[in-house]
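Subject: Structure handover

Hello,

Here is the structure I promised to pass on to you. Please open it alongside this message, and my notes on what turned up follow underneath.

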Amino acid sequence: MVNQEAKTPRERYRAQVRTEIKERAWEQIATAGASALSLNAIAKQLGMSGPALYRYYAGRDELITELVRDAYRSLADTFRAASARPGADVTALASALRAWALEDPQRYFLIYGTPVPGYHAPDDITAIASEIMATLLDAFAELPSSGTATAFDTHLEEHRDWTDGHPAAAATLHRALTFWTRLHGALSLELAGHFTGMGFDPARFYAAELDELTGRPEGDDGM
């Protein structure tokens, strides 16, 4: 991290304005979604002209990239911290994922919700996302083998590009994918309000899914 005291007043001011722009962008996303993000509207809120704001972000896609990068970086750091705790395992990552998602649902949906039309993330975003998956795969690699290989395990032997070279066995990749997709499914439905009015506790449902995925007695995780 760059030492703030080492920056010039001009650099500190620029960093402050960029932060304020991102804050207004998150407010817009919370109200109307990322696809409706408007730099001109943000400029108006900040008392700036449109051209003045473009001195800080060259366009909508650059601003979205900054928000997406911040979101992925936040989750990658959260996962790294969770995995570093004594006794941490896949359940610790599951708990960290849910807490992170509930803390800021709009941040969650920006990276795991509907893609923004016309937006394509740069390669460095993919690299941060790969850090998150690597932490997950490392945790699953510590678990005992799940038994006989399945047809999809065999398929994964030839389709491992998404692992960024992780050496985990195909069966481990399969378990990690199942874990990742099922927990994201539960989280996405909860955060979108689809469980509202159904009368059950989403936290207990998430915990039950986790128990099934890890083969532990239901309720043993304390979530």
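Before the details, one cut-off that I lean on below: a residue counts as buried under 20% relative accessible area, as exposed over 50%, and as partly exposed in between. Please also keep in mind that this is a predicted model.

**The chain as a whole**

The protein chain has 10 helices and 0 strands, so with helices and strands defined as DSSP runs, the order from the N terminus reads α-α-α-α-α-α-α-α-α-α. Its C-alpha trace spans about 65 × 45 × 35 Å along the principal axes. Of the 223 residues, 37% count as buried.

**Aromatic rings**

I would start with the aromatic side chains, where the structure holds 9 aromatic pairs. One of them joins Y108 and F109, and this pair is edge-to-face, with 5.5 Å from centre to centre and 75° between the planes. How exposed are these two residues? Y108 has 0% relative accessibility and therefore counts as buried. F109, at 22% relative accessibility, falls between the two cut-offs and so counts as partly exposed.

Y108 also pairs with Y112: the ring centres are 5.4 Å apart and the planes stand at 45°, so this pair is tilted. That angle is neither under 30 degrees, which would make the pair stacked, nor over 60, which would make it edge-to-face. Y108 and Y112 are 4 residues apart in helix α6, which means that about one helical turn separates them. As a reminder, an α-helix has 3.6 residues a turn, so residues three or four places apart point the same way. Like F109, Y112 is partly exposed, with a relative accessible area of 22%.

These rings belong to a wider group: Y72, F79, Y108, F109, Y112 and W180 form one aromatic cluster. Elsewhere, the charged end of R98 sits over the ring of Y206, 5.8 Å from the ring centre.

**Two pockets**

The largest pocket contains about 270 Å³ of space. Its lining is made up of 16 residues, and those nearest the centre are Y72, L110, I111, Y119 and A121. Y72 is thus a member of the aromatic cluster as well as a lining residue of this pocket. Which helices supply at least two residues each to the lining? They are α4 (60–84), α6 (105–112) and α7 (123–141), and α7 gives the most, with 4 residues. By type, the lining divides into 11 nonpolar, 5 polar and no charged residues.

The second largest pocket has a volume of about 180 Å³. It is lined by 13 residues, with G33, A34, S35, F109 and T114 nearest its centre. F109, already met in the edge-to-face pair with Y108, therefore appears here too, at 22% relative accessibility and partly exposed. Helices α1 (9–32) and α6 each supply at least two residues of this lining, and the largest share, 3 residues, comes from α6. The lining has 8 nonpolar residues, 5 polar ones and no charged ones.

**Helix α9 and its surroundings**

Helix α9 covers residues 170–191, and at 1.5 Å a residue its 22 residues should span 32 Å. The C-alpha atoms at its ends are 31 Å apart, which agrees with that expectation. Just after α9 comes G193, with a positive phi of about 85°.

Ahead of this helix there is another backbone detail to look at. D164 lies in the loop between α8 (151–157) and α9, and although D164 is not a glycine, its phi is positive, at about 55°. Is D164 buried or exposed? Its relative accessible area is 59%, over the 50% cut-off, so D164 is exposed.

**One last residue**

T135 is found in helix α7. Its relative accessible area of 16% is under the 20% cut-off, so T135 is buried. T135 and L187 are 52 residues apart in sequence, and their C-alpha atoms are 19 Å apart in space.

If you only have a few minutes, I suggest beginning with the aromatic cluster and then turning to the pockets. I would be glad to hear what you make of it.

Best wishes

Note on methods: Residues numbered from 1 in each chain as written. Predicted model: local features only at pLDDT ≥ 70, side-chain atom pairs only at ≥ 80, totals over all residues. Heavy atoms only, no water. 1 Å grid on protein atoms, 1.4 Å probe; cavity = no way out; pocket = protein on both sides within 12 Å on 5 of 7 lines; lining within 4 Å. Points joined across faces, edges and corners; volume = space filled by probe spheres on them. Nonpolar A, V, L, I, M, F, W, Y, C, P; charged D, E, K, R; others polar. Phe/Tyr/Trp six-rings, centres within 6.5 Å; stacked < 30°, edge-to-face > 60°. Buried < 20%, exposed > 50% of the residue type's maximum accessible area, 1.4 Å probe, protein only. Lys NZ or Arg CZ within 6 Å of the ring centre and 35° of its normal. Expected span 1.5 Å × (residues − 1).
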